[in-house]
Every structure is written in structure tokens, then in C-alpha cells.
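Visitor: I should like a close look at a single part of this molecule, followed outward into its surroundings. Please show the whole first, and then take me through that part in one connected account.

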Amino acid sequence: MPDFADFDTDQDGFISEQELNAGRAKRITERAAEGRQMRNVAKAASFADIDANHDGKIDPEEFAAHQLQNRQQRP
């Protein structure tokens, strides 16, 4: 699982939609280059789904809650 800092590239303490999209694209590219299957790419949560308070940015708590939810959904 990625860390908050992996996405917060401008280090302002929040993840913007652009940072999230760029971070996801980078991870997808890296995983594809490693030969990993990309089964759940289409199921990725939208920025709005992760931004629970709808303030236009993802804070560390929202990011952690999203990761916890992902872990609980795994078999």
C-alpha cells in the first residue's frame, strides 16, 4: 500500500485530485512494468469518494480511512 507522502508530491499536507491521478498513473506504470496483473484498476475509488468532507483535497485521515477500507475488502 502506498504512503500518503507518495501522493502528496508538493508536500503541503494534502493530496489534490491532480496529485492523486498522477500518483495512480505512476503506480500503474510501475506495476505493469513488473508484469503484475491490473485486475482492479477500474474499481479504484474516485477522488470524490476519498475526499470524505468534500473540501477538494484529501488529508492524511481521509487517506488512512480509504486504505483501511481497502484492506477490509480484501479476501
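Guide: What follows is a description of one helix and then of the segments around it. The model is predicted, and the account should be read accordingly.

The part chosen is helix α2, which covers residues 17–33. How far apart should the ends of this helix lie, at 1.5 Å a residue? Its 17 residues should span 24 Å, and the C-alpha atoms at its two ends are indeed 24 Å apart, so the expected and the modelled spans agree.

Next comes the question of which side of the helix is covered. E19, L20 and G23 are the residues to consider here, as they are buried in α2. These residues cover an arc of only 100° around the axis, and they therefore lie on the same side of the helix. The face turned away from that buried side carries exposed residues, namely Q18, T29 and A33. On the buried side, the cover includes α1 (4–7) and α3 (47–50).

Two further residues of α2 are joined through their charges. In general, side chains of opposite charge can pair when their charged atoms come close. E30 forms a salt bridge with K26, and the closest N and O atoms of the pair are 4.0 Å apart. The two residues are four places apart in helix α2, so about one helical turn separates them. Their accessibilities fall into separate classes: E30 has 40% relative accessibility and therefore counts as partly exposed, whereas K26, at 53%, counts as exposed. The cut-off between these classes is 50%.

The structure holds two salt bridges. The other bridge to describe joins the side chains of E34 and R36, with an N to O distance of 2.8 Å. At 52% relative accessibility E34 counts as exposed, while R36, at 43%, counts as partly exposed. In this part of the chain, just after α2, G35 takes a positive phi of about 85°.

The loop that leads from α1 to α2 also has a backbone feature to record. Most residues other than glycine have a negative phi. Q11, which is placed in the loop between α1 and α2, has a phi near 55°, a positive value in a residue other than glycine. Q11 has a relative accessible area of 70% and is therefore exposed. A similar description applies to H54, whose phi is also positive and near 55°. H54 is found in the loop between α3 and α4, and its relative accessibility of 61% makes it count as exposed.

The loop between α3 and α4 also contains D59. Is D59 buried or exposed? D59 is buried, yet it has no salt bridge, and the nearest side chain of opposite charge, K57, is 8.1 Å away. Beyond its neighbours within four places in sequence, D59 is in contact with F4, G13, F14 and N53. A polar atom of the side chain of D59 lies 2.7 Å from the backbone nitrogen of E62.

E62 leads the account into helix α4, which covers residues 60–73. E62 is likewise buried without a salt bridge, and K57, the nearest side chain of opposite charge, is 8.8 Å away. With residues up to four places away in sequence left aside, E62 touches I50, D51, A52, N53 and K57.

Helix α4 also contains Q67. This residue has 10% relative accessibility and therefore counts as buried, the limit for that class being 20%. Which residues is Q67 in contact with, leaving aside its neighbours within four places in sequence? They are M1 and P2. With P2 there is also a polar approach, as the backbone oxygen of P2 lies 2.6 Å from a polar atom of the side chain of Q67.

A final distance leads back to the starting point. T29 belongs to the exposed residues on the face of α2 turned away from its buried side. The C-alpha atoms of Q67 and T29 are separated by 20 Å, and the two residues are 38 residues apart along the chain.

Technical notes. Residues are numbered from 1 along each chain as its sequence is written. This is a predicted model: local features need pLDDT of at least 70, side-chain atom pairs count only at pLDDT 80 or more; totals for chains, interfaces and linings use all residues. Side-chain values use heavy atoms; hydrogens and water are left out. Buried means under 20% relative accessible area, exposed over 50%, partly exposed in between (1.4 Å probe, protein chains only). Lys and Arg count as positive and Asp and Glu as negative; His and the chain ends are not counted. Contact means heavy atoms within 4.5 Å. The expected span of a helix is 1.5 Å times one less than its number of residues. The arc is that of the directions from the helix axis to the C-beta atoms. A polar contact is a pair of N or O atoms within 3.5 Å; within protein, one must be able to donate a hydrogen and the other to accept it, and residues adjacent in sequence count only if both atoms are side-chain atoms.
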